[in-house]
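User: I'd like to learn how to read a two-chain model. Can you take me through it feature by feature?

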Amino acid sequence: MTMQPTTYQLPSNEDVAGLGTTPIPAGPYYRDDYFELEREAIFRRTWIQIGHVCELPEPGSFIVRPIEVANASILITRGKDEKVRAFHNVCTHRGTHLVAEESGNRASFTCRYHSWTFGYDGALRSAPDFERFYVDKSDCGLRPVAVDVCAGLIFVNLDKSPAQGLGEFLGPIAEQLETLSISRATTFAEYVYEIDANWKLTFDNFQEHYHLRFIHPRTGAGARGPDNPFAYPVKFDFYGPHRTESVWSNPAADRLPIQQFALGRLAQIAAADVSRNSSHAKDVFFLFPSLFIQGTPVLPFVHSVMPISATRSRGVVRLYWIGEDDNATESFAREYSMAMARDVHAEDRVVIEAGQRGLNSGALEFIHFQSQEVLCRHLFHAVDTMVQAHRAGRGAAGVVA
Amino acid sequence: MSTTNFLLPAGFEALEPFVKFWAVAGATARAQRRNDCSEQERAAFYDTAKELLAPALAYLDRKPLNKFDEKEKRLMNMLLSLAHVVQAVEVLAQDEEKHAEARRHMKITRATADLNS
Ligand code: FES
Ligand SMILES: [Fe+2]
């Protein structure tokens with residue numbers, strides 16, 4: 001384990017200047033036409049995290065998740081063969097959403113409309129009066145969706161034949177994520193929020209610490225120190241479209257009495273189990289397009305920002321834990337941990353919406369990122385590269401003049 | 001008043017006056033109590049509960065969570081409400097009222113403590 005220097009050292013401007021220093025166009029953060037391009041160029045063809053294997057504990061377990069940006073509803077099943085499969089939650093008879101529940105356990109799925117029944121493998125098992133149809137049952141299976149798991153997290157890709165597998169998409173980050181306690185989680189706490197803001201503007205808030213002292217003067221007080229008043233991270237790394245930062249922990253953080261007690265207990269519980277300690281516990285992972293993963297054993301959470309429209313998104317925050325609450329102390333400490341994270345995110349949500357209202361006016365042609373907002377810049381580049389490539393491809397194919 | 005009238009396990013009598021308001025099931029309800037209390041109410045609860053938190057958890061830790069009797073359940077639920085109100089008293093302080101409005105949009109959909117019973 002490497003010791004953290006006690007004196008904070010700011011990552012140098014030169015380290016990140018390779019990503020550019022120019023202003024960033026504001027349009028992509030509010031315009032409908034840009035969002036339509038993102039929908040096609042990114043969300044219909046990239047890996048999107050949608051759940052955790054702990055939600056599929058046994059054969060027959062299933063979950064259903066919306067992906068609004070693709071107008072999709074995805075059914076994920078665990079079969080008798082233990083295999084995790086994903087399908088469009090769409091009955092192949094006439095398109096009805098097949099499963100209305102968000103989760104459960106079933107041997108088969110029967111459509112409410114005309115009772116077509118499908119197995120966990122997506123095959124059409126039975127359909128009333130089927131001899132009057134003009135199609136084979138074998139052609140009526142649920143439409144499969146590419147699915148894979150990394151660090152316990154379930155990802156799907158809506159592209160019929162994804163250009164990259166999940167492993168290739170995540171690259172070296174996959175191995176780092178596997179070391180986190182999240183990969184062995186068996187349960188989670190969750191809070192969700194809706195926000196009138198673009199998904200990038202929302203996600204960017206969590207990719208910079210510049211705002212911390214202004215937006216979290218109290219809830220973020222422990223993160224700041226005299227030699228690092230902005231609580232900037234110690235390091236950034238870039239992996240293709242993904243990025244990470246290593247957070248700085250204030251050696252002289254002034255903890256409050258019960259806060260100290262609760263976080264101390266969580267730290268003790270984690271320390272007692274070597275499998276929960278990762279060399280990446282102080283790293284934050286920002287997976288393309290919009291998944292935030294923080295591995296610290298005291299506050300291990302995954303925050304997904306799902307786009308709904310150009311100026312509306314949904315955030316889902318989950319604190320992933322190993323084991324059900326073992327005793328009263330663990331219950332208390334986990335409840336505190338959730339309340340603490342929720343308080344911080346509540347403050348973020350308000351100011352992100354204010355930012356969106358300003359951008360929607362069209363008053364700005366450009367926004368600006370400083371060197372410590374380089375992760376935001378990196379996301380924009382990753383998005384815009386894909387959007388421009390998609391646009392060029394469409395142009396070449398003659399679809400768009 | 002005989003001991004049978006107490007709502008909490010013996011040793012935690014000082015918390016009895018707080019049972020009615022704070023001993024509620026469900027994280028959403030507990031978070032809502034934090035919103036619904038006055039500054040004086042949360043200060044009084046915090047001041048009394050602060051010293052009793054460690055002994056109360058030690059007491060409850062002797063039993064599996066799903067084996068709690070009614071008194072123990074109440075005590076547990078109160079402590080879980082404390083987990084929310086700590087943020088108001090220790091962290092947000094005079095910013096708590098303004099913060100409550102921001103929090104309204106953060107909907108708790110699942111808490112591990114609610115999976116215990
Ligand atoms: S639409 Fe599903 S059975 Fe007819
Ligand atoms: Fe923030």
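**Reading the two chains**

Analyst: Chain A has 401 residues, for which a compact globule would have a radius of gyration near 21 Å; chain A has 23 Å, which agrees. That radius is taken over C-alpha atoms, and the globule rule is 2.2 Å times the number of residues to the power 0.38. Keep in mind that this is a predicted model, where local features need pLDDT of at least 70 and side-chain atom pairs count only at pLDDT 80 or more, while totals for chains, interfaces and linings use all residues. Residues are numbered from 1 along each chain as its sequence is written, chains are lettered from A and ligands numbered from 1 in the order in which they are written, and side-chain values use heavy atoms, with hydrogens and water left out.

User: How many helices and strands are there in chain A?

Analyst: Helices (H or I, at least four residues) and strands (E, at least two) are DSSP runs, numbered from the N terminus. On that basis chain A has nine helices and 19 strands. Its C-alpha trace spans about 80 × 60 × 35 Å along the principal axes.

User: What percentage of the residues in chain A is buried?

Analyst: Buried means under 20% relative accessible area, exposed over 50%, partly exposed in between (1.4 Å probe, protein chains only). In chain A, 55% of the 401 residues are buried. For chain B the figure is 48% of 117 residues.

User: And what pattern does chain B follow along the sequence?

Analyst: Chain B reads α-α-α-α-α-β, that is, five helices and one strand. With a radius of gyration of 14 Å, close to the 13 Å that the globule rule gives for 117 residues, chain B is as compact as a globular protein of that length. The C-alpha trace of chain B spans about 40 × 30 × 20 Å along its principal axes.

User: Now the interface. How many residues does each chain bring to the contact?

Analyst: Contact means heavy atoms within 4.5 Å. Chain B puts in 41 residues and chain A 36 residues.

User: And what area is buried between chain B and chain A?

Analyst: The size of an interface is often given as the accessible area lost when the parts come together. Here buried area is the accessible area (1.4 Å probe) that two parts lose on being put together, summed over both. Between chain B and chain A that comes to about 3,500 Å², with carbon and sulfur atoms giving 60%. Look at B:Met106, B:Arg110 and B:Thr112: they supply 21% of the area that chain B buries against chain A, more than any other three residues.

User: Let's try some backbone details. Which peptide bond is cis?

Analyst: Check omega: the bond from A:Phe288 to A:Pro289 is cis, with omega near 0 degrees. A:Pro289 lies in the loop between β15 (283-287) and β16 (291-294) of chain A. A:Phe288 turns up again as one of the residues touched by A:Pro241, leaving out residues up to four places away in sequence. A:Pro241 sits in the loop between β13 (235-239) and β14 (242-246) of chain A.

User: What is the phi of A:Ser115, and is A:Ser115 buried or partly exposed?

Analyst: A:Ser115 has a positive phi of about 70 degrees although it is not a glycine. You'll find A:Ser115 in the loop between β7 (108-110) and β8 (117-119) of chain A, and at 34% relative accessibility it counts as partly exposed. A:Asp129, also not a glycine, has a positive phi of about 60 degrees. The loop between β9 (124-126) and β10 (144-150) of chain A holds A:Asp129, which counts as partly exposed at 42% relative accessibility.
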